[in-house]
Amino acid sequence: MPDAPPHKVVIIGSGPAGWTAAIYAARAQLNPVVFVGVATQSPSLVLPGGQLMLTTDVENYPGFPEAVSGPEMMAMFQKQAERFGTTVVGRDIVTCDFSTMPFTLHDSAGETVRANAVILASGATANWIGLENELRLAQSGGGVSACAVCDGALPIFKDQHLAVVGGGDSAMEEAVFLTKYASKVTVIHRRDRLRASKIMQQRFLSQPNADVMWNKVVVDVLGDEKITGLEVEDTTNGRRSTLEVRGLFVAIGHTPATGFLEGSGVELDDAGYVILGDRSSRTNIEGVFAAGDIADARYRQAVTAAGMGCQAAIDAEHWLAAHGSN
Ligand code: NAP
């Protein structure tokens, strides 16, 4: 039997970038196929639907004045993409060969997938400390989050004592954001010196409700349904103590989901993010585009990822038209 013709566009990832790319590609009659990934119980919480599956109320996505839950929002994105003819596949792409066209991908069920254009939108995952109660309360909306900009303004955090773990620019940025809502923000850092740039440190430390706990690591998150406190350990003498807080924001970096690109030739920066052409979604490989957090260490917002997904679909459409494969 002859091979089935290649797909016009395969989209890898199912967060705001992937679904928006699918909506645009489907409306351009490119019959996109979205590989949404496989639901796992992995501690890194990589989920079909992306980081928003861990967000309780999304209050900053325009058009939702009453807020919307992250999972609900992703279900709406998916429905909209399917309405225009997107095919959804519940598997991961595990390897990519971009050396010949059409491109050859392999999925987690061992199937070979061929495509004329590919949009990489598998996102990045926030790094977690890795404590059982931390992950449980992050998933249940119990006051543990990896994104202050997304969750910090929720009523449960208002006028409360909150903690931020981490000592980099993200931790400072999150902590400054939280000082507007919290009664007090304690940054917990594992060393005696912050990694963050001086200006970011200063921005936080100059707030009247800013506080830092040096040489401390969080060893447990306390509370059944809602966080009530943290057990912390001093890294210099091993002594443990309890800190009462009503929110924990983990800001210890992100890891872009690019494992499946190993050996594919797609250029990544030192931190592992896909490098894009100037003001476009093009990667260094013709016909391969990227959108969302996989290529964005800076903004990491649902609305910016969605915008990048739109750009990638338009760039892919133009590229396919120019190469006669649309
Ligand atoms: P980062 O610079 O890698 O900092 C991560 C922080 O988390 C470090 O302080 C690290 O401690 C700590 N950490 C890592 N693993 C930990 C663990 N298991 N337990 C406790 N602490 C842990 O990451 P980032 O802050 O997300 O920044 C990433 C990049 O984006 C940086 O280049 C940053 O400059 C940039 N960025 C810029 C801005 C801005 O300019 N507005 C805002 C955000 C991010 P150690 O210091 O001990 O290693």
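Biologist: Hello! Which residues are linked in a network of salt bridges?

Modeller: Happy to help, and keep in mind that this is a predicted model. E231 forms a salt bridge with R240, with 3.5 Å between the closest N and O atoms. The side chain of E233 also meets R240 in a salt bridge, at 2.8 Å from N to O. R240 therefore takes part in both pairs, and the network consists of E231, E233 and R240.

Biologist: Is E233 buried, partly exposed or exposed?

Modeller: The relative accessibility of E233 is 21%. Buried means under 20% and exposed means over 50%, with partly exposed in between. The value of 21% falls in that middle range, so E233 counts as partly exposed.

Biologist: Which residue is the bridge partner of V217 in strand 15?

Modeller: Let's begin with the two strands. Strand 14 covers residues 216-222 and strand 15 covers residues 229-234, and six bridges join them in an antiparallel run. In strand 15, V217 is paired with E233.

Biologist: In the hairpin of strand 14 and strand 15, which residue takes a positive phi?

Modeller: This hairpin has six residues between its strands. A positive phi near 120° is found there at G223.

Biologist: What is the order of the five strands in the open sheet?

Modeller: We can build it up from the pairs. Strand 10 is joined to strand 17 by two bridges, and strand 17 is joined to strand 11 by four bridges. Strand 11, residues 161-165, is joined to strand 12 by five bridges. With strand 13 included, the pairing is parallel and the order is 10-17-11-12-13.

Biologist: Which strands stand at the edges of that sheet?

Modeller: Look for strands with a single partner strand, because one side of each is then left without a neighbour in the sheet. This applies to residues 144-145 and residues 210-213. The edges are strand 10 and strand 13.

Biologist: Which residue in strand 17 is the bridge partner of V165?

Modeller: V165 belongs to strand 11, residues 161-165. Strand 11 and strand 17 run parallel and are joined by four bridges. In strand 17, the partner of V165 is V250.

Biologist: Which residues point the other way from G247 and F249 in strand 17?

Modeller: Strand 17 covers residues 247-250, and all of them are buried. G247 and F249 point one way. The residues that point the other way are L248 and V250.

Biologist: How many residues apart in sequence are the parts that D107 and R91 tie together?

Modeller: D107 and R91 form a salt bridge, with their closest N and O atoms 2.7 Å apart. D107 lies in strand 7, while R91 lies in the loop between strand 5 and strand 6, so the pair ties together parts whose separation in sequence is 16 residues.

Biologist: Is D107 buried or exposed?

Modeller: Its partner R91 is partly exposed, with a relative accessible area of 30%. For D107 the relative accessible area is 3%. Since under 20% means buried, D107 is buried.

Biologist: Which residues gather in a patch of positive charge on the surface?

Modeller: A good place to start is R190, in the loop between strand 12 and helix 6. R190 counts as exposed because its relative accessibility is 60%. The patch gathers R190, R191, R193, R195 and K198.

Methods:
Residues are numbered from 1 along each chain as its sequence is written. This is a predicted model: local features need pLDDT of at least 70, side-chain atom pairs count only at pLDDT 80 or more; totals for chains, interfaces and linings use all residues. Side-chain values use heavy atoms; hydrogens and water are left out. Patches are made of residues with over 30% relative accessible area and no salt bridge: like charges are joined within 9 Å, nonpolar side chains (Val, Leu, Ile, Met, Phe, Trp, Tyr) within 5 Å. Accessible areas come from the Shrake-Rupley method with a 1.4 Å probe; for residues, only the protein chains shown count as cover. A salt bridge is a side-chain nitrogen of Lys or Arg within 4 Å of a carboxyl oxygen of Asp or Glu. Lys and Arg count as positive and Asp and Glu as negative; His and the chain ends are not counted. The place of a charge is taken as NZ of Lys, CZ of Arg, CG of Asp or CD of Glu. Buried means under 20% relative accessible area, exposed over 50%, partly exposed in between (1.4 Å probe, protein chains only). Two strands pair if DSSP finds at least two bridges between them.
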